[in-house]
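Good morning, and thank you for coming. Please take a moment to look at the sequence and the structure before I go through them.

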Amino acid sequence: MKIRSLNGFRRIRLLVTGVRRHWLERVKGVRVHPSASVSLSSRMVAGRRGAIVIGPDSLVAFKTLILAVRPDGSSAPVTVGRGCFIGGGSVLLPGVTIGDGAIVGAGAIVDADVPPFCAVGGVQ
């Protein structure tokens, strides 16, 4: 049996992720740069338009939760910089800024700003 390449699904993947990006912007008010990649299983709670911004060349992995709404209902912006990696299952809490080129490890809970070009894991 001949093994075929998965590259044949690239167009479908780009279409689906493009529709997801458009939906996030229109319905949720999340700004996602066209070169960023956001998993279909990630969740975002913006509270207001523009409260969550994902920069160019960043990747948000599966089952990630990004919150921009505090428990009292007010919103605090969450910004993910250029070229960042947000690991699977991680949580970004309200008011957090992830610096350019930073890496957030899988399962991390981030409640403070992450400087550019740093790697964090656990509870930050």
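Arg 31 stands opposite Val 53 in S4. I should say at once that what you see is a predicted model. The residue pair just named belongs to the contact between S1 and S4, two strands that pair in the parallel sense over 2 bridges. These strands are part of an open sheet of 4 strands, ordered S1-S4-S7-S10, and its pairing is parallel. At the edges of this sheet lie strand S1, residues 31-32, and strand S10, residues 97-98, each of which pairs on one side only.

A further sheet deserves attention. It is open, has 4 strands in the order S3-S6-S9-S12, and is again paired in parallel. Its edge strands, each pairing on one side only, are strand S3 (43-45) and strand S12 (109-110). Within this sheet, S3 and strand S6, residues 65-67, are joined in the parallel sense over 3 bridges. Which residue of S6 is the bridge partner of Met 44? The partner is Ile 66. As a general remark, the strands of a sheet pair through backbone hydrogen bonds, either parallel or antiparallel.

Let me now place these strands in the chain as a whole. The secondary structure of the protein chain amounts to 1 helix and 13 strands. Read from the N terminus, the order of elements is α-β-β-β-β-β-β-β-β-β-β-β-β-β. The radius of gyration is 15 Å, close to the 14 Å that the globule rule gives for 124 residues, so the chain is as compact as a globular protein of that length. Along the principal axes, the C-alpha atoms fill a box of roughly 55 × 30 × 20 Å. Of the 124 residues, 35% are buried. The chain exposes about 7300 Å², and carbon and sulfur atoms supply 60% of that area.

I turn next to the interior. The largest nonpolar core has 26 residues, and among those with the most contacts inside it are Met 44, Ile 52, Ile 54 and Ile 66. Strand S4 (52-54) and strand S7 (78-80) each supply at least two residues of this core. Met 44 itself, setting aside residues up to four places away in sequence, touches Leu 24, Lys 28, Val 30, Val 38, Ile 52, Ile 54 and Ile 66.

Another interior position is Ala 68, in the loop between S6 and S7. Is Ala 68 buried or exposed? Its relative accessibility is 0%, so Ala 68 counts as buried. Beyond its neighbours within four places in sequence, Ala 68 is in contact with several residues, including Val 45, Ile 52, Val 78 and Pro 94. The C-alpha atoms of Ala 68 and Val 96 are separated by 8.6 Å, although these residues are 28 residues apart along the chain.

Finally, I come to charged side chains. How many salt bridges does a search of the whole structure find? The search finds 1 salt bridge. This salt bridge links Asp 57 with Arg 82, and the closest N and O atoms are 3.6 Å apart. Asp 57 lies in the loop between S4 and strand S5 (59-60), while Arg 82 lies in the loop between S7 and strand S8 (85-86), so the pair ties together parts that are 25 residues apart in sequence. Asp 57 is partly exposed, at 48% relative accessibility. Arg 82 is likewise partly exposed, with a relative accessible area of 48%. Thank you for your attention.

Methods
Residues are numbered from 1 along each chain as its sequence is written. This is a predicted model: local features need pLDDT of at least 70, side-chain atom pairs count only at pLDDT 80 or more; totals for chains, interfaces and linings use all residues. Side-chain values use heavy atoms; hydrogens and water are left out. A nonpolar core is a set of buried Ala, Val, Leu, Ile, Met, Phe, Trp, Tyr and Cys residues joined through side-chain atoms within 4.5 Å. Buried means under 20% relative accessible area, exposed over 50%, partly exposed in between (1.4 Å probe, protein chains only). Contact means heavy atoms within 4.5 Å. Two strands pair if DSSP finds at least two bridges between them. A salt bridge is a side-chain nitrogen of Lys or Arg within 4 Å of a carboxyl oxygen of Asp or Glu. The radius of gyration is taken over C-alpha atoms; the globule rule is 2.2 Å times the number of residues to the power 0.38. Accessible areas come from the Shrake-Rupley method with a 1.4 Å probe; for residues, only the protein chains shown count as cover.
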